[in-house]
Structures are given as C-alpha cells and as structure tokens.
Amino acid sequence: MDRLYDNPTTTSRSRPQYYGRFINKYVYDPIEYGYVKAELDKLNITDEGKRKARFHQWLTDEGRTILTRQIGKVEGIMEMCDDIDHFKTVAKRRKAVTVAPYLFDEMNRII
C-alpha cells in the first residue's frame, strides 16, 4: 500500500487511517456484498466506538479461508498497478465474493 500511495515505508503503528478504510472497502466490503462487514461491525464495535478484537478473529475457519482468498486477490491487483488511481480503476471491474448459501436448498437445511 505504501508503494501505491507513494508513501515512505510505514509500520503497523504508524500507518495512516486511510489504510484502514482501504482494507474495509477492498477486502471486507466485497465479501457477501458487505453483509459480512456489517455483521462484524455489530459484533466488534462497542458503544464507545472501539473495537473488541481484530475482525478476522470473529470469523469461522471457512470465513478465514474466504478472507485469505480475498486478500490474495487484492494483493494481486495491487502488485500489477502502478499507483492508487490505477488500482481503483482495476478494482471497479472486480466481482464481489459470495458463497450464495441461500441459492441451494441443501445448504439452507444445514443452516
């Protein structure tokens, strides 16, 4: 992300806040069309606006697998782009990640 934004190298403690917004928009929001992100916000954000834990800690094993794949997709796009504007252009064409559980009767019975 530092390369895309043309920033000097940052650490986990010195990253700009817009990096977090970037992660929410391009990693979490595309999963199930934002449903997963909305549920994570309900579980994780306290009334004071603070987080109880990192988002990925609330996910099941299957959820973490989907998240890992999504991160890989975003990293792949980031590697091929020269700057943040190019990334945003390419990311607009990307499909949302969905497992569409309610499209299959057998899965609905399991749930």
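Leaving aside neighbours within four places in sequence, with which residues is Phe55 in contact? In the predicted model, the contacts of Phe55 outside that window are Asn24, Tyr28, Lys37, Leu40, Asp41 and Asn44. Phe55 belongs to the loop that runs between helix H3 (35-44) and H4. With a relative accessible area of 6%, Phe55 falls under the 20% limit and is therefore classed as buried. One of its contacts is Lys37; the two residues are 18 apart along the chain, and 8.5 Å separates their C-alpha atoms.

The overall fold is helical: six helices and zero strands were assigned to the chain, giving the pattern α-α-α-α-α-α when read along the sequence. The chain comprises 111 residues, of which 30% count as buried. Where contacts between residues at least 6 apart in sequence are considered, 48% of them join residues at least 24 apart. The exposed area of the chain is about 8,400 Å², and carbon and sulfur atoms contribute 52% of this area.

Aromatic residues were examined next. Seven aromatic pairs are present in the structure. One of them is formed by Tyr18 and Tyr19, in an edge-to-face arrangement with 5.4 Å centre to centre and 75° between the planes. The two members of this pair are classed separately by accessibility. Tyr18 has a relative accessible area of 32% and is therefore partly exposed, whereas Tyr19, with a relative accessible area of 4%, is buried. A further pair, Phe22 with Phe87, is tilted, with 5.1 Å centre to centre and 40° between the planes. Because Phe22 lies in helix H2 and Phe87 in helix H5 (residues 84-92), this pair ties together parts that are 65 residues apart in sequence. Phe22 and Phe87 are both buried. The pairs also join into a wider arrangement: a cluster linked by ring pairs holds Tyr5, Tyr18, Tyr19, Phe22, Tyr26 and Phe87.

Tyr26, a member of this cluster, is also placed beside a polar side chain through its backbone. The backbone oxygen of Tyr26 lies 2.9 Å from a polar atom of the Gln70 side chain. Gln70 is located in helix H4 (residues 61-80). The relative accessibility of Gln70 is 1%, which is under the 20% limit, so Gln70 counts as buried.

The largest pocket holds about 780 Å³ of space. It is lined by 20 residues, and those closest to its centre are Gly20, Ile23, Asn24, Tyr28 and Arg51. Helices H1, H2 and H4 are the elements that give two or more residues to this lining, and H2 supplies the largest share, with eight residues. Asn24 and Tyr28, among the residues closest to the centre of the pocket, are also in contact with Phe55.

A backbone feature was noted at Asp6. Phi of Asp6 is near 55°, a positive value in a residue other than glycine. Asp6 is found in the loop between helix H1 (2-5) and helix H2 (17-28). Its relative accessibility of 68% is over the 50% limit, so Asp6 counts as exposed.

Note on methods. Residues numbered from 1 in each chain as written. Predicted model: local features only at pLDDT ≥ 70, side-chain atom pairs only at ≥ 80, totals over all residues. Heavy atoms only, no water. Helix = DSSP H or I, 4+ residues; strand = E, 2+ residues; numbered from the N terminus. Buried < 20%, exposed > 50% of the residue type's maximum accessible area, 1.4 Å probe, protein only. Polar contact = N/O pair within 3.5 Å; in protein donor to acceptor, adjacent residues only side chain to side chain. Contact = heavy atoms within 4.5 Å. Areas by Shrake-Rupley, 256 points an atom, 1.4 Å probe, with all protein chains shown as cover. Phe/Tyr/Trp six-rings, centres within 6.5 Å; stacked < 30°, edge-to-face > 60°. 1 Å grid on protein atoms, 1.4 Å probe; cavity = no way out; pocket = protein on both sides within 12 Å on 5 of 7 lines; lining within 4 Å. Points joined across faces, edges and corners; volume = space filled by probe spheres on them.
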